[in-house]
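Subject: Handover of a structure and notes on its contents

Dear colleague,

Please find below the structure that I am handing over to you. My notes on it follow directly after.

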Amino acid sequence: MSRGGSSGGRGGGTRRKTVRVKTARGRKPSSTRWLQRQLNDPFVEEARKLGYRSRAAFKLEELNEKFGFLKPGSRILDLGAAPGGWTQIAVAAVGEKGTVVALDIQEVEPVPGAVHLLGDIYDEDVIDRLLAALGGPADVVMSDMAAPSTGHAQTDHLRVMALIEAAYDVAQNLLAPGGVFVAKVLQGGTERELLETLKRDFVKVSHAKPAASRAGSREMYLVAESFRRDTGDGG
Ligand SMILES: C[S@@+](CC[C@H](N)C(=O)[O-])C[C@H]1O[C@@H](n2cnc3c(N)ncnc32)[C@H](O)[C@@H]1O
C-alpha cells in the first residue's frame, strides 16, 4: 500500500540542497517562512510527484498502514476534505464498490470516484445530507478539519475542540456498528470528557503522530476503533 517505501524515508536517500528563500518587499516574514518550509519539505515534493493534492495524504496513508481501517467496498466519510488528498487515498483504498463522501466549506475540484458536498459541519441539515450521499451507515468517519489560526492559542484550541466535537456528533449519528472514527486533535489536548465518551463508545482508542505531521506542531490523530452502536433496544 505504501508508495515509495516507509514514510520516514520519504524524500530521503540522496541529501537535497536546502532552498533558501530571500525576503521580498511586500511578503510577510511568515509567508517567507511558509515558502521556505514548502520548498524544503520532502513530503510536498513527494505529493507533487505522486499527484496527491496535499502532503496531508501521507498522514492518512500512514494511519491506514498502522490501523487498517480503509477497506475495499467500505463507506467512508471525509470531513474537511479540501483540497482532497485524504479523499484520493480513500477512493483508491475502497475501490469501485466503495463509497467516499467528502465534505468541506470550500469548493474542491472533484476527485473522480468521490461524492463532494459543499457545506459546514455546523449546518443543521448536514447529517441528513451526508446520510443521503452515503446511502447507509459509514464504516469510517474521518476528520482532518482545521480552522485558520487566529494567533491566539486559547481561541485556536477552543475552535479545534469544537470541530472535533462536531465531527464526533456526526460520527455518533452515522457510524455503523464496529465503525472507526479518525480525527485530528491537539497533543495533550483531547478533552477528558470527550476522551471518556470515546472510551465508552469504542472498544479501542489510540493516538498517533504520522511522520508527515510536522514535528513542531501539536497536531496528532485520534483513532477510535469498533464503535459500540447503541441500538436503543436495550440489548
Ligand atoms: C487541513 S485541511 C484538510 C486537508 C485534507 N485532509 C487533504 O488531505 O487535502 C482542513 C479543512 O477543514 C475545512 N473545514 C474547516 N472548518 C470546517 C467546517 N466548519 N466544516 C467543514 N469543513 C471545514 C477547511 O475548509 C479545510 O479545507
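Proline 83 is located in the loop that joins strand 1 to helix 4. The peptide bond leading into this residue from alanine 82 is cis, its omega being near 0°. Please bear in mind that this is a predicted model.

Overall architecture

The protein chain contains 7 helices and 7 strands. Their order along the sequence is α-α-α-β-α-β-β-α-β-α-β-α-β-β. Of the 235 residues in the chain, 34% are buried. Among contacts with a separation of 6 or more, 65% are between residues 24 or more positions apart.

Surroundings of the ligand

Which residues come nearest to the ligand? Of the 23 residues around the ligand, these are Ala56, Gly80, Ala82, Gly85 and Asp144. Two or more residues of the shell are contributed by each of helix 3 (56-67), helix 4 (85-94) and strand 2 (99-104). By class, the shell consists of 14 nonpolar, 5 polar and 4 charged residues. Alanine 82, one of the nearest residues, is also the residue on the N-terminal side of the cis peptide bond described above.

Helix 4

Helix 4, one of the elements that supply the ligand shell, is mostly covered, with 9 of its 10 residues buried. The buried residues are Gly85, Trp86, Thr87, Gln88, Ile89, Ala90, Val91, Ala93 and Val94. Gly85 thus appears both in this list and among the residues nearest to the ligand. The cover over the buried residues of helix 4 includes helix 3, strand 1 (75-79), strand 2, strand 3 (114-118) and strand 4. Glycine 95, just after helix 4, adopts a positive phi of about 70°.

Helix 5 and helix 6

The axes of helix 5 and helix 6 (residues 153-174) approach within 11 Å and cross at roughly 50°. An angle of that value falls outside the ranges for roughly parallel, perpendicular or antiparallel axes, so the two helices are oblique to each other. Their crossing is right-handed. On the side of helix 5, the contact is formed by Val126, Ile127, Leu130, Leu131 and Leu134, while helix 6 provides Val170, Asn173 and Leu174. In terms of class, this contact has 7 nonpolar residues, 1 polar residue and no charged residues.

Individual residues

Glycine 136 is situated in the loop between helix 5 (126-134) and strand 4 (138-143). Is this glycine buried or exposed? Glycine 136 counts as exposed because it has 10 C-beta neighbours inside 10 Å, and the limit for that class is 12 or fewer. Its C-alpha is 8.5 Å from that of alanine 176, although the two residues are 40 apart in sequence.

Serine 226 belongs to strand 7 (residues 219-227). Its phi is near 60°, a positive value in a residue other than glycine. Serine 226 has 13 C-beta neighbours inside 10 Å and therefore counts as partly exposed, given that exposed residues have 12 or fewer and buried ones 20 or more.

For your inspection, the backbone features described here are the cis bond from alanine 82 to proline 83, the positive phi of glycine 95 and the positive phi of serine 226.

Yours sincerely

Conventions. Residues numbered from 1 in each chain as written. Predicted model: local features only at pLDDT ≥ 70, side-chain atom pairs only at ≥ 80, totals over all residues. Near = placed C-beta within 6 Å. Helix = DSSP H or I, 4+ residues; strand = E, 2+ residues; numbered from the N terminus. Nonpolar A, V, L, I, M, F, W, Y, C, P; charged D, E, K, R; others polar. Contact = placed C-beta atoms within 7 Å. Axes fitted to C-alpha atoms, helices over the stretch in contact; angles between N-to-C directions. Parallel < 35°, antiparallel > 145°, perpendicular 65-115°, else oblique. Left-handed = near helix turned anticlockwise from the far one by under 90°.
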